[in-house]
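Subject: Structure for your attention, with notes on helix packing

Dear colleague,

I am handing over the structure below, and I would be grateful if you could read the notes after it with the structure open beside them.

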Amino acid sequence: MIPVLPMADEPVLSQFGRWYQLNRISTVQDRMAALQAASTERVGPRTAIPTVALAAHMSEMDMLTYVRMHTMLPFMAFRTDRHALDNPGWSAGTISTRGHLTPRSGVWLCPSCVKEDQAFWGFSFWRRAHQLPGVFWCEKHSGESLRRVADKEPFLVSPWKCLVEGKTSAHTLPESVRDNASVVMFNSACQTMLDQGRIEGDSSAQKNLRARAISLGLHVRASANSYLLSDLVVRNFPREFLVQIMPALASKSAGKYFAAIDDALWDQFIGGHALGNAFAFATLYPSIDQALSELSLNGKSAKGRSPNSAAVRSAESIRLA
Ligand SMILES: [Zn+2]
């Protein structure tokens, strides 16, 4: 069996997809047999294959480095929970049950990235950056529109094949959404979360986030005439963008507590609220770097991206009605 090493920013299932293709493994049965043969652990017929552990082994990388570089967990489980603050890594259970998942529906590709990969490497691969919620344009290719594959197991098929066989579909968002300052900030927040990985925050982060919201005039609990974080998100973001990534939010009524967003100011168990955190960072601070700095969340591998100046200008002029 020929091993396959991961490409930069390639998610785990894409690496496995290329491994299957290279070794001409095409049926589900053959895939299971190949995984079991490659696994260092005993895998019974009813046991889930430890995909990420196996990929890390194949890549000759330690598990946490692999998780950080080739899974979506750094975004999806950006912060640890209060009871695991001392734990520097993700739990084995989370890695084995969620390590191969992506946080948006469908699988997304940039046609220009795919064509370049095919021309340069002779093969193509999927990218984590394109699987983040709210990413509809490629950052590398001057805002080229990403395309979506709704196929059941697209990671098993190369993006090149999906593209030439016409399996991709376009989104319908106008370019004004791409250039919207709040959307730019949100994209930056999600990418920074993915880049920085699981943060060992301290338990005061939530308190500080809440204090920030209150200082901007927001209410943090539902009450008569309350104006919540979720209300500000609805006001700042283009409706068609919210419809795409959180449809229920786009149609929520003013002042109604919306847990997926408003819990970001309260909930210590951040893993389930990655989107809420991204919205909070993008809405309450002028830049994602400032958000992480003020929340003391950028203790390690703090290599945030420089914020978009238009987004900074917009956020600096946050004014509440
Ligand atoms: Zn691209």
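What follows is a short account of the chain as a whole and then of three helix contacts.

Please keep in mind throughout that this is a predicted model. The protein chain contains 18 helices and three strands, and of its 321 residues 42% are buried. When one takes the contacts between residues at least 6 apart in sequence, 68% of them join residues that are at least 24 apart.

Since the notes below concern pairs of helices, it may help to recall that two packed helices are described by the angle between their axes and the distance between the axes.

Beginning with the N-terminal pair, helix α1, which covers residues 12–22, and helix α3, which covers residues 51–58, have axes that come within 10 Å and cross at roughly 65 degrees. This crossing of α1 and α3 is left-handed. On the α1 side the contact is made by Val12, Gln15 and Phe16, and on the α3 side by Thr51, Val52 and Ala55; sorted by class, the contact of α1 with α3 comprises four nonpolar and two polar residues, with no charged ones.

Helix α3 also packs against helix α4 (residues 63–70), where the two axes come within 9 Å and cross at roughly 105 degrees, an angle that falls in the range of 65 to 115 degrees, and α3 and α4 are therefore roughly perpendicular to each other. Here Val52, Ala53, Ala55 and Ala56 of α3 meet Met63, Tyr66, Val67 and His70 of α4, and the contact of α3 with α4 has seven nonpolar residues, one polar residue and no charged residues. Val52 and Ala55 of α3 thus appear in the contact with α1 and again in the contact with α4.

Further along the chain, helix α10 (residues 181–196) and helix α16 (residues 274–284) pack with their axes 8 Å apart, at an angle of about 125 degrees, and α10 and α16 are therefore oblique to each other. The crossing in which α10 passes α16 is right-handed. From α10, the residues in this contact are Ser182, Met185, Phe186, Ala189, Cys190 and Met193, while α16 contributes Ala274, Ala278, Phe279, Phe281 and Ala282. By class, the contact of α10 with α16 divides into 10 nonpolar residues and one polar residue, and charged residues are absent.

With best regards

Definitions and conventions. Residues are numbered from 1 along each chain as its sequence is written. This is a predicted model: local features need pLDDT of at least 70, side-chain atom pairs count only at pLDDT 80 or more; totals for chains, interfaces and linings use all residues. Axes are lines fitted to C-alpha atoms, for helices over the stretch in contact, and angles run from 0 to 180 degrees between N-to-C directions. Helices (H or I, at least four residues) and strands (E, at least two) are DSSP runs, numbered from the N terminus. A crossing is left-handed if the near helix is turned anticlockwise from the far one by less than a right angle, and right-handed if clockwise. Two residues are in contact if their C-beta atoms, placed from the backbone, lie within 7 Å. Ala, Val, Leu, Ile, Met, Phe, Trp, Tyr, Cys and Pro count as nonpolar, Asp, Glu, Lys and Arg as charged, and the others, Gly among them, as polar. A residue is buried if 20 or more other C-beta atoms lie within 10 Å of its own, exposed if 12 or fewer, and partly exposed in between; C-beta atoms are placed from the backbone. Angles under 35 degrees count as roughly parallel, over 145 as roughly antiparallel, 65 to 115 as roughly perpendicular and the rest as oblique.
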